[in-house]
Amino acid sequence: MKPYAPLPEDFFQQPTLLLAEALLGCLLIKETEEGIASGYIVETEAYMGPEDRAAHSFGNRRTKRTEIMFNEPGFVYTYVMHTHCLVNVVSGPKEKPEAVLIRGIEPVDGLDLMKKRRKMDDLKNLTNGPGKLTKALNITIDDYGRRFTSPPLMIAKGIPPGKVTRGKRIGIDNSGDARNYPWRFWIAENPYVSRNRK
DNA sequence: ATAGAGATGGCCT
DNA sequence: GGCCATCTCTATT
């Protein structure tokens with residue numbers, strides 16, 4: 001396993017839609033006492049803050065949960081959805097509450113650890129969804145407010161993503177027109193994308 | 001292959 | 001008390 005070099009802070013300082021696409025192919029890494037697990041990011045969604053009805057920060061809603069999004073980019077935003085934890089990259093300049101949701105990764109290191117945590121052997125189903133990958137990597141609400149530029153939770157240079165496709169975001173059907181915005185990005189033909197649709 | 005429903009828990013009003 | 005940026009299982013085509 002090669003040593004990990006987290007991406008520099010300025011990587012996160014690009015506009016949110018560009019960052020969402022730039023994250024594809026990057027390596028998401030979590031270090032724990034049990035060991036290291038990582039995977040290439042293959043699917044993301046951009047949430048554009050005040051004007052985006054699907055975003056938690058719609059209308060500049062500022063709560064205990066959304067507070068981290070008002071920081072400068074590169075912070076970790078985790079939150080709990082039903083029984084699952086979801087992980088976002090805080091994006092946009094300070095006071096602009098935007099974020100990128102990580103929806104799927106392709107397993108790289110720590111395969112056995114991921115299988116153990118997910119209690120299954122089916123490689124294809126280990127990390128192909130936002131709630132699945134956090135469980136496989138052991139990303140939790142405790143990671144809230146950390147930075148992706150240092151351990152234990154990091155984003156590092158990965159591989160060139162190849163062909164990228166974009167389409168509507170998933171699971172936000174109660175968000176008016178925002179549901180149709182093409183702010184979901186994924187690596188074309190990649191088997192670890194949560195689901196196929198435009 | 002696709003559709004529908006239940007589980008389930010924290011956050012917000 | 002209502003609302004979900006989900007997952008898994010079942011039933012049906």
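These legends describe close-up views of a predicted model of a protein with DNA.

**View 1. Residues around DNA strand B.** Arg61, Thr63, Arg65, His82 and Thr83 surround DNA strand B. Of the strand atoms that come within 4 Å of the protein, 64% belong to sugar and phosphate. By type, the surface near DNA strand B has three polar residues, two charged ones and no nonpolar ones.

**View 2. Polar atoms facing DNA strand B.** A polar side-chain atom of Thr63 sits 2.3 Å from a phosphate oxygen of the strand. For Arg61, a side-chain N or O atom is 3.4 Å from a phosphate oxygen. His82 uses its backbone: a polar atom there is 3.3 Å from a base nitrogen.

**View 3. Thr66 in its loop.** Thr66 lies in the loop between strand E2 (35-47) and strand E3 (76-81). Its relative accessible area is 1%, so Thr66 is buried. Beyond its neighbours within four places in sequence, Thr66 contacts His56, Ser57, Arg61 and Tyr144.

**View 4. The salt bridge of Arg169 and Asp52.** The closest N and O atoms of this pair are 2.7 Å apart. The partners are 117 residues apart in the chain. Arg169 is in the loop between strand E8 (164-167) and strand E9 (184-187), and Asp52 is in the loop between E2 and E3. Arg169 is buried, at 0% relative accessibility. Asp52 is also buried, at 0%.

**View 5. The salt bridge of Arg147 and Glu9.** The side chains meet at 3.7 Å, N to O. This pair links distant parts of the chain, 138 residues apart. Arg147 is partly exposed, at 26%. Glu9 is partly exposed, at 41%. Both belong to a salt-bridge network with Glu72 and Lys94.

Terms used
Residues numbered from 1 in each chain as written. Chains lettered and ligands numbered in written order. Predicted model: local features only at pLDDT ≥ 70, side-chain atom pairs only at ≥ 80, totals over all residues. Heavy atoms only, no water. Helix = DSSP H or I, 4+ residues; strand = E, 2+ residues; numbered from the N terminus. Buried < 20%, exposed > 50% of the residue type's maximum accessible area, 1.4 Å probe, protein only. Contact = heavy atoms within 4.5 Å. Near = heavy atom within 4 Å. Polar contact = N/O pair within 3.5 Å; in protein donor to acceptor, adjacent residues only side chain to side chain. Nonpolar A, V, L, I, M, F, W, Y, C, P; charged D, E, K, R; others polar. Salt bridge = Lys/Arg side-chain N within 4 Å of Asp/Glu carboxyl O.
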